[in-house]
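Here is my note on the model, set out as numbered points. Please read each one with the structure open beside it.

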Amino acid sequence: MSVDDEAGPPASETDEPGWEVEADDDWGAAVIATVGRQLKLRREAAGLRAAEFGTRIGYGEDLVYKVEAGKRIPRQEYLDRSDVVLDAGGLISASWEDVKRVRYPKRVRELGKLEERAVEIGLYECNSIHGLLQTEEHARTLFEAAQPPYSSDEVERMTTARIARQAIFERTSAPAIIIVLEEAPLRRPIGGTMMWRRQLERLLEVGRLRNVTLQVLPTDSEAHPGLDGRIELLKFEDGTATGRSDGAFNARPVSDLRQLRVLELRFATIRSQALSRKKSETFIEDLLGEK
């Protein structure tokens, strides 16, 4: 079966898959511009108009122009189909290695780089289930509920980026990860009962990993230093660290040792009031049993 047979009719302008390039993402824009320029040169060398080329790979003419102009990030499927139609011998498909590094929002890539370097990660989340623990459907539902609303394109891109970060659990040298979650978000049935159950099951799955300590902080706990918001602490192999807290230092990342000690003290206090790892697992299992 040819690419033309598999592609089907071109997507409309409103549902064409792809991602917008962020205005302040200079490196990402440069990568996508280079890929787009190469695609345009190969298409023109093959004597194909944009509309004809789009039909043959199963995408709309508008998306073809946007990709070639470096305004849209192509998906892997787009590149693979283009490779076949333009008889590029795998060279266009190979560009996915560069594209996939910039397909996520800039801030997510920067956070991902820090998480990749970390040997120890401490996280406290009070208002929702932390992104590293969310199922894909849970994450998508949260993004769809945002106000003002994100576009479908933005929802898809951010959901994909959030789930991709969870590859940290599969690393050969995975960091030690400690996550403390408040009880309230665990009881909020986002997406309905079945989605909520799958999310709780995901918590149990991750919480049972040897390098992960997942703790639940009961709602009836006393006042604690996390009431102002989330806390993040990342420690690296060279002895350096970085951290952030919604309720301290204007929520900006800090690396000063004195400021880090403040965050470490707050995180340690929260952990001391949370349930143990085993009791937290039992707590989540009991929640599952309620429905």
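**Notes on the predicted model**

1. Y150 is partly exposed, with a relative accessible area of 36%. Its ring is one half of an aromatic pair with F143: the centres are 6.3 Å apart and the planes stand at 75°. Planes over 60 degrees apart count as edge-to-face, so this pair is edge-to-face. The partner, F143, is buried, at a relative accessible area of 10%. Please bear in mind here and below that the model is predicted.

2. How many aromatic pairs does a search of the whole structure find? The search finds two. Besides the pair just described, Y59 and Y78 form one that is tilted, with 5.1 Å from centre to centre and 55° between the planes. Y59 lies in the loop between α3 (50-57) and α4 (61-68), while Y78 belongs to helix α5 (residues 76-85), so the pair ties together parts that are 19 residues apart in sequence. Y59 and Y78 are both buried.

3. Another ring to look at is that of F236. The charged end of R117 sits over this ring, 4.1 Å from its centre.

4. For the chain as a whole, the count is 14 helices and seven strands. The chain has 291 residues, and 45% of them count as buried. About 15300 Å² is exposed, with carbon and sulfur atoms supplying 49% of that area. Consider next the contacts between residues at least 6 apart in sequence: 73% of these join residues at least 24 apart.

5. Five strands make up an open sheet with mixed pairing, in the order β5-β4-β3-β6-β7. The edge strands, β5 (212-217) and β7 (241-245), each pair on one side only. From one strand to the next the twist averages 5°. As background, strands of a sheet pair through backbone hydrogen bonds, either parallel or antiparallel.

6. In which sense do β4 and β5 pair? Strand β4 (residues 176-182) pairs with β5 in the parallel sense, over six bridges. To find a matching position across the two strands, look at L181, which stands opposite V216 in β5.

7. Is β5 largely enclosed or largely open? Six of its six residues are buried, so β5 is largely enclosed by the rest of the structure. V212, L214 and V216 point one way from the strand, and T213, Q215 and L217 point the other way. The residues on both sides of β5 are buried. A student checking this should recall that β5 is also an edge strand, pairing on one side only.

8. Two places in the backbone deserve a check. The peptide bond from Q147 to P148 is cis, with omega near -5°. P148 lies in the loop between α9 (136-144) and α10 (152-164).

9. The second place is D87, where phi is near 50°, a positive value in a residue other than glycine. D87 is found in the loop between α5 and α6 (91-94). Is D87 buried or exposed? Its relative accessible area is 68%, and over 50% counts as exposed, so D87 is exposed.

Key
Residues are numbered from 1 along each chain as its sequence is written. This is a predicted model: local features need pLDDT of at least 70, side-chain atom pairs count only at pLDDT 80 or more; totals for chains, interfaces and linings use all residues. Side-chain values use heavy atoms; hydrogens and water are left out. Helices (H or I, at least four residues) and strands (E, at least two) are DSSP runs, numbered from the N terminus. Buried means under 20% relative accessible area, exposed over 50%, partly exposed in between (1.4 Å probe, protein chains only). Contact means heavy atoms within 4.5 Å. Accessible areas come from the Shrake-Rupley method with a 1.4 Å probe; for residues, only the protein chains shown count as cover. Two strands pair if DSSP finds at least two bridges between them. Axes are lines fitted to C-alpha atoms, for helices over the stretch in contact, and angles run from 0 to 180 degrees between N-to-C directions. Rings of Phe, Tyr and Trp (its six-membered ring) pair if their centres lie within 6.5 Å; planes under 30 degrees apart count as stacked, over 60 as edge-to-face and the rest as tilted. A charge sits over a ring if NZ of Lys or CZ of Arg is within 6 Å of the ring centre and within 35 degrees of the ring normal.
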